[in-house]
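User: Please take a close look at one part of this model for me: the place where the ligands sit. I am new to reading structures, so keep the sentences short.

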Amino acid sequence: MASRRLTFQFDEQAFLENVWQRRPLLIKDALPNWRSPLTAEELAGLSLEAGTDSRLIGHNDGVWEFNTGPFSSSHFDRSDAWTLLVNGVEQWVPEVAALKDCLRFLPNWRFDDIMVSYAVEGGGVGPHFDRYDVFLLQGSGTRLWRLGEWCDESTPRIDHGGLNLLERFQTAEEYELGPGDVLYVPPGLAHWGIAQSDCLTYSLGFRAPRVVDLMARWVDKALEQMDPEILLEDRSSVERKPRLGEITVEHVENARQAVLNALQALDDGAWLGEVVTESGDHAEPLSPLAKTVCLYPGARLAWESAEESCRVFANGEQHLTRPTLLPALQKLCCGDTLDYADLEQADPDLCAFLVSSGVLVGI
Ligand code: SIN
Ligand code: CO
């Protein structure tokens, strides 16, 4: 029997309208009857592996210590208030990847990773703010979350042994989370989690592309196609005659319109899909024996549909296919498996594209 997809017990539409990216929200018992799929020992085991991305943070009497993995078991033999954090755990543990189902109503291409932390009593990463949206799901034990002020680049911070912590933290609200509870924290809001007992916390993170990167890609793509011989016409001096040496506001507006017109005329809209998928991990070449395939954990796949066609983005590359392929693409995006022969028969070019961009893995 197929297992039921996990989903947070809350009103998704109300969340999108009133909360998403705007204010924090406590969702008590968001996952009733859910049990943490990992133990502290299993998480520590992951952090011993060379391929995982892990951090160990401890503090004692206001002195912080920060180390990056991989670790050995002796690292955990310590007496301060410490926490171990492992990023990208969904790539290693299918039951952790299944948590992505809880937030399928959010744009999938914004999903970043699931970080799992273990902390002893008093442990935590200290007062800070993140630039991404995070859903903090309590896995086991209890953690007190303090929420503070809205922060930005100008908010004073101090470097504590490599940790970028807030200089001041004023608690505005606080919540105690037990297993299955979720706290949503939008980007820029100061937060500080303090373990009340040994605890595991799952952070489901969503990261937005930087507008500066989108702008750069849009402009780069337009420049690739732009005729370098096109010159700026003067449509503005007739409106107001310039004085000697003067650039009038009309001149500036004329030049601005010329640039914007060129950018718009040469815009195929593909820069967003390229930028948001290009940080994906590449799978090993697909075995010719693979019968069933799915999306490689860590690979990035997204699509854009128009009436007649569908543009697919895979790890930063793009390819055009037919809208009839959408159900197969959606299945891949939600972690389902596909019959490789069926996919190849439906669109051999798409299949070759997905393989060459390293987003398919055989199972
Ligand atoms: C943690 O799990 O301790 C840190 C999560 C966060 O603050 O974003
Ligand atoms: Co944080």
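Analyst: Start with H128. In this predicted model, an N or O atom in the H128 side chain is 3.0 Å from an oxygen atom of ligand 1. H191 makes a similar kind of approach: an N or O atom of its side chain is 3.3 Å from an oxygen atom of ligand 1. R143 joins in with a polar side-chain atom, 3.4 Å from a ligand 1 oxygen. How much of ligand 1 does the protein bury? Ligand 1 exposes 260 Å² when taken alone, and the protein buries 97% of that.

Now widen the view to the shell. Around ligand 1 sit L85, M115, S117, V125, H128, D130, L136, R143, W145, H191 and S203. By class, five of these residues are nonpolar, four are polar and two are charged. Which strands contribute? Strand β5 (111-119) supplies at least two residues of the shell, and so does β7 (143-150).

Next comes the metal. Ligand 2 is a cobalt ion. H128 and H191 each coordinate the cobalt ion through NE2, while D130 uses OD. These distances run from 2.0 to 2.1 Å. Along the chain, the donors follow the spacing H-x1-D-x60-H. Two of the donors, H128 and D130, are buried, with under 20% relative accessible area.

Put the two sites together. H128 coordinates the cobalt ion and also has its side chain 3.0 Å from a ligand 1 oxygen. H191 likewise coordinates the cobalt ion and lies in the shell of ligand 1. D130 is a cobalt donor and a shell residue too.

Definitions and conventions:
Residues numbered from 1 in each chain as written. Chains lettered and ligands numbered in written order. Predicted model: local features only at pLDDT ≥ 70, side-chain atom pairs only at ≥ 80, totals over all residues. Heavy atoms only, no water. Near = heavy atom within 4 Å. Polar contact = N/O pair within 3.5 Å; in protein donor to acceptor, adjacent residues only side chain to side chain. Areas by Shrake-Rupley, 256 points an atom, 1.4 Å probe, with all protein chains shown as cover. Helix = DSSP H or I, 4+ residues; strand = E, 2+ residues; numbered from the N terminus. Nonpolar A, V, L, I, M, F, W, Y, C, P; charged D, E, K, R; others polar. Donors = N, O, S within 2.8 Å, 3.2 Å for Na, K, Ca; no water. Buried < 20%, exposed > 50% of the residue type's maximum accessible area, 1.4 Å probe, protein only.
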